[in-house]
Amino acid sequence: MRPAAGIPWPPPLQTTFARQGSSQTGLVTRESNFLITEYFVNLEAFGKEIAANPFEVVDGYIKVPETPGLGIELDEQALAMHPYRELPPRSLRQYHEEGP
């Protein structure tokens with residue numbers, strides 16, 4: 001319905017660009033009404049570190065890979081340098097903590 005109605009589509013990008021960005025880049029190129037997407041500049045160096053063939057942003061655009069699959073390969077040795085670590089639980093601030 002969205003494409004037929006001409007409604008623009010700005011999909012959110014909620015994880016590292018190397019992983020979700022690769023699938024989203026392929027998806028949005030097939031949408032006739034794609035508008036814009038988020039790109040986390042603060043994660044760019046990490047994405048380049050863990051991707052064997054990272055995306056390049058040139059003048060605000062990303063060239064869509066023509067390789068099969070997601071168009072990106074992850075460097076497993078680089079990923080091993082960043083093992084999972086559990087973080088302490090956090091809680092949201094309550095309204096009474098916000099006041100003067």
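# Exercises on a predicted protein chain

The secondary structure of this chain comes to four helices and two strands. Keep in mind that you're looking at a predicted model. Grab the structure and work through the exercises below.

## Exercise 1: Getting the layout

Task: Work out in which order the helices and strands follow one another from the N terminus.

Solution. Start at the N terminus and walk along the chain: the elements run α-α-α-β-β-α. Now put some residue numbers on them. Helix 1 covers residues 2-5, helix 2 covers residues 17-28, and helix 3 covers residues 44-50. Next come strand 1 (57-58) and strand 2 (61-62). Helix 4, at residues 76-80, finishes the list.

## Exercise 2: How far to trust it

Task: Find out where in the protein chain confidence is lowest and where it is highest.

Solution. Begin with the whole chain: its mean pLDDT is 77, and 73% of the residues reach 70 or more. Then go element by element. Helix 2 has the lowest confidence, with a mean of 59, while helix 4 has the highest, at 93. Here's a handy rule for reading such values: where pLDDT is low, the predicted coordinates should not be read in detail.

## Exercise 3: Inside and outside

Task: Say what share of the chain is buried, and what supplies its exposed surface.

Solution. First, the inside: of the 100 residues, 21% count as buried. Second, the outside: the chain exposes about 8300 Å², and carbon and sulfur atoms supply 57% of that area. Third, a look at how the chain meets itself. Take the contacts between residues at least 6 apart in sequence; 54% of them join residues at least 24 apart.

## Exercise 4: Two salt bridges

Task: Track down the salt bridges in the whole structure and say which residues form them.

Solution. A search of the whole structure turns up two. One joins E44 and K48, with the closest N and O atoms 4.0 Å apart. Both of these residues sit in helix 3, four residues apart, which is about one turn of the helix. E44 has a relative accessible area of 23%, so it counts as partly exposed. K48 is partly exposed too, at 41%.

The other bridge brings together the side chains of E98 and R93, at 3.3 Å from N to O. With a relative accessibility of 56%, R93 counts as exposed.

## Exercise 5: The other partners of E44

Task: Find which residues E44 touches, leaving out those up to four places away in sequence.

Solution. Check around E44 and you'll find Y39 and V57. Now compare positions along the chain: P54 is ten residues from E44, and their C-alpha atoms are separated by 9.3 Å.

## Exercise 6: A78, buried or exposed?

Task: Decide whether A78 is buried or exposed, and name its contacts beyond four places in sequence.

Solution. Locate A78 in helix 4. Its relative accessible area is 10%, and since the cut-off for buried is under 20%, A78 is buried. Next, look for its partners: A78 is in contact with E49 and I50. Finally, look at the spacing between A78 and I50. They are 28 residues apart in sequence, yet their C-alpha atoms are 5.3 Å apart in space.

## Exercise 7: Two pairs from the start of the chain

Task: Find how far apart in space A5 is from N33, and P8 from F34.

Solution. Take A5 to begin with. This residue is in helix 1 and is exposed, with a relative accessible area of 54%. A5 and N33 are 28 residues apart in sequence, and 9.6 Å lies between their C-alpha atoms.

Now move on to P8, in the loop between helix 1 and helix 2. P8 is partly exposed, at 46%. The C-alpha atoms of P8 and F34 are separated by 5.9 Å, with the two positions 26 residues apart along the chain counted as their spacing.

## Exercise 8: An unusual backbone angle

Task: Say what stands out about the phi of D59.

Solution. Recall the general pattern: most residues other than glycine have a negative phi. D59 isn't a glycine, but its phi is positive, at about 55 degrees. To place D59, look in the loop between strand 1 and strand 2. For its surroundings, check accessibility: at 72%, D59 counts as exposed.

How values were computed: Residues are numbered from 1 along each chain as its sequence is written. This is a predicted model: local features need pLDDT of at least 70, side-chain atom pairs count only at pLDDT 80 or more; totals for chains, interfaces and linings use all residues. Side-chain values use heavy atoms; hydrogens and water are left out. Buried means under 20% relative accessible area, exposed over 50%, partly exposed in between (1.4 Å probe, protein chains only). Contact means heavy atoms within 4.5 Å. Accessible areas come from the Shrake-Rupley method with a 1.4 Å probe; for residues, only the protein chains shown count as cover. pLDDT is the predictor's confidence in each residue, from 0 to 100.
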